[in-house]
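Trainee: I'd like a close look at just one part of this model, the surroundings of the ligand. Which residues surround the ligand, and which helix gives the largest share of the shell around it?

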Amino acid sequence: PSRSDITYFGAGPALLPTDILEDAAKALLNYHDTGLGIAEHSHRSQLAADVINQAKADLVSCLDIPDDYEILFMQGGGTGQFSATAYNFVGAWVTRKQQEIFGEIKGDPNDSKVIQRLKEAVDKDLKIDYLITGGWSQKASAEGERLFGSEHVNIAADSRKTNGGKFGTIPDESTWKLSKDAALVYFCSNETVDGVEFPGFPKSLQPGPDGKGPIVVADMSSNILTKKIPVKNFSAIFFGAQKNLGPTGITVVIIKKSFLPPFTSQPSANLMRQLGLPIPPIIFQYETIAKNNSLYNTLSIFDVYIIGQVLRKLLQTYPDKVEGQQAVSNKKAQLVYDAIEAFPEIYQIIPNKAVRSRINICFRVIKGGDMDTAERAFLEEGIAQGLTGLKGHRSLGGIRASNYNSVPLEGAEKLAKFIRAFAMS
Ligand code: PLP
């Protein structure tokens, strides 16, 4: 089939808009009439800096990111950020504690008495809090444990505990066991595999009237740019580009400047060694990436260029920016869920209704009692109609329709129609 014959619902990487790819093909050969392609220009050139700065400015505009946030383009994927978030926010916690202790003891911050007290504080109080609501937050917490040891990881909530060992819910906030002064509280705002999405920013993580609150870090790899988010409530947000933003290869971090120099510096490698804590690879150190406007090492400027084109298109399509996109995302999700829910004897939505994802729609086909046969037929008939990428994740089975931004409204309409027709056939 040709590109225009199919609607792709794969979980990632996602479709990219065809017009953007057509322009990109030209840019790969000759960018801005320079005779060199966009992927061939030096990452140290003005042209590369312009691509980065424009993409940053457009992301700020799309998401209304306040001035006291920095944007980093990194490599290593969402998975790299499972490590980076733990390293950097533990580093910031250590710096904060060192200053507190130094403030009490006075003298030299590297004095052995300060280090001794700091070591005691690390052993007793250093915690990374995770809310586990699906496979991706589970993986992030496993990385936190691998790097820092289970004694420094607090699983503040785990939806499997109250749901028969399965994901599909978000535990009631009243049951969360948050640490008093966690280095960070981590959650995944949309669980791509399990189809669970936080309906809003958790109340118990909200800053108080003084603006102070827990240090909240979120993985938004699969629902960034599909809804408006209260950026100011987060200390950091990260996402791989490959679902709603661009090609695989770039991970974006939006981080509050108060966690970067001159406000906060990472502890020295020597201090971390004395404290028995791990030291991040330099390419995962946010302050290094920030100081170099994401060009500490060779970055794929082509990937940032595509991200920039996608953001530009979003801004041109929706005068109210991400809220315009949100309305369309919600409408597409509603169309598909309405079709599924119209046939409860044929389909079963996997996650709990209150937390089901607008972006990764996970359901089973129970028609005739034999799910395997029914789902195989569903997938085959779907493909015959140009509806592809619908197979669920291998760990969960079933069907998963990923409703990323590049899936057009007509694509969701086509899928909803097919879901209804299949049920009645
Ligand atoms: N987090 C979420 C929510 C994801 O959906 C994914 C990938 O699908 C990841 C993290 C991992 O990202 P990567 O494959 O870029 O490491």
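Mentor: Let's begin at the ligand and then follow the helices and loops that lead away from there. First, two bits of housekeeping. Residues are numbered from 1 along each chain, as its sequence is written. You're looking at a predicted model, in which local features need pLDDT of at least 70 and side-chain atom pairs count only at pLDDT 80 or more, while totals for chains, interfaces and linings use all residues.

Now for your question. Around the ligand you'll find Gly12, Gly77, Gly78, Thr79, Trp136, Cys188, Thr192, Asp219, Ser221, Ser222 and Gly240 (each has its C-beta atom, placed from the backbone, within 6 Å of the ligand). By class, this shell has 8 polar, 2 nonpolar and 1 charged residues (Ala, Val, Leu, Ile, Met, Phe, Trp, Tyr, Cys and Pro count as nonpolar, Asp, Glu, Lys and Arg as charged, and the others, Gly among them, as polar). The nonpolar pair is Trp136 and Cys188, and the charged residue is Asp219.

The helix you asked about is H3, residues 77-105, whose 3 residues are the largest share of the shell (helices are DSSP runs of H or I, at least four residues, and strands are runs of E, at least two, numbered from the N terminus). Those three are Gly77, Gly78 and Thr79.

Let's follow H3 to its partners, starting with H5. Helix H5 covers residues 135-148, and Trp136 of the ligand's shell falls inside that stretch. The axes of H3 and H5 come within 8 Å and cross at roughly 50° (axes are lines fitted to C-alpha atoms over the stretch in contact, with angles from 0 to 180 degrees between N-to-C directions). That angle is why H3 counts as oblique to H5 (under 35 degrees is roughly parallel, over 145 roughly antiparallel, 65 to 115 roughly perpendicular, and the rest oblique). The crossing is right-handed (the near helix is turned clockwise from the far one by less than a right angle; anticlockwise would be left-handed).

Who actually meets whom here? H3 brings Phe82, Ser83, Ala86 and Val90, and H5 brings Lys139, Ala140, Glu143, Gly144, Leu147 and Phe148 (contact puts C-beta atoms, placed from the backbone, within 7 Å). Together they come to 6 nonpolar, 2 polar and 2 charged residues. The charged ones, Lys139 and Glu143, both sit on H5.

Further along H3 comes another partner, helix H4 (residues 112-125), packed at an angle of about 130° with the axes 9 Å apart. H3 and H4 are therefore oblique to each other, and H3 passes H4 in a right-handed crossing. On the H3 side, Lys97, Gln98, Ile101, Phe102 and Ile105 take part, and they meet Lys113, Val114, Arg117, Leu118 and Ala121 of H4. This contact has 6 nonpolar, 1 polar and 3 charged residues. Its polar residue is Gln98, and the charged ones are Lys97, Lys113 and Arg117.

Back to the ligand, because Gly12 of the shell has something to show you too. A cis peptide bond joins Gly12 to Pro13, with omega about 0°. Pro13 belongs to the loop between strand S1 (7-8) and helix H1.

That loop leads us to H1, residues 18-29, which packs against helix H8 (residues 301-317) at about 145°, with the axes 11 Å apart. Their crossing is right-handed. From H1, Ile20, Asp23, Ala24 and Ala27 meet Tyr305, Ile306, Gln309, Val310 and Lys313 of H8, giving 6 nonpolar, 1 polar and 2 charged residues. Gln309 is the polar one, while Asp23 and Lys313 carry the charged label.

Before you go, here are a couple of backbone spots to click on in other loops. The peptide bond from Pro261 to Pro262 is cis too, with omega near 5°, and Pro262 lies in the loop between strand S10 (251-256) and helix H6 (269-275). Asp64 isn't a glycine, yet has a positive phi of about 50°; look for Asp64 in the loop between helix H2 (46-63) and strand S2 (69-74).

How values were computed
Two residues are in contact if their C-beta atoms, placed from the backbone, lie within 7 Å.
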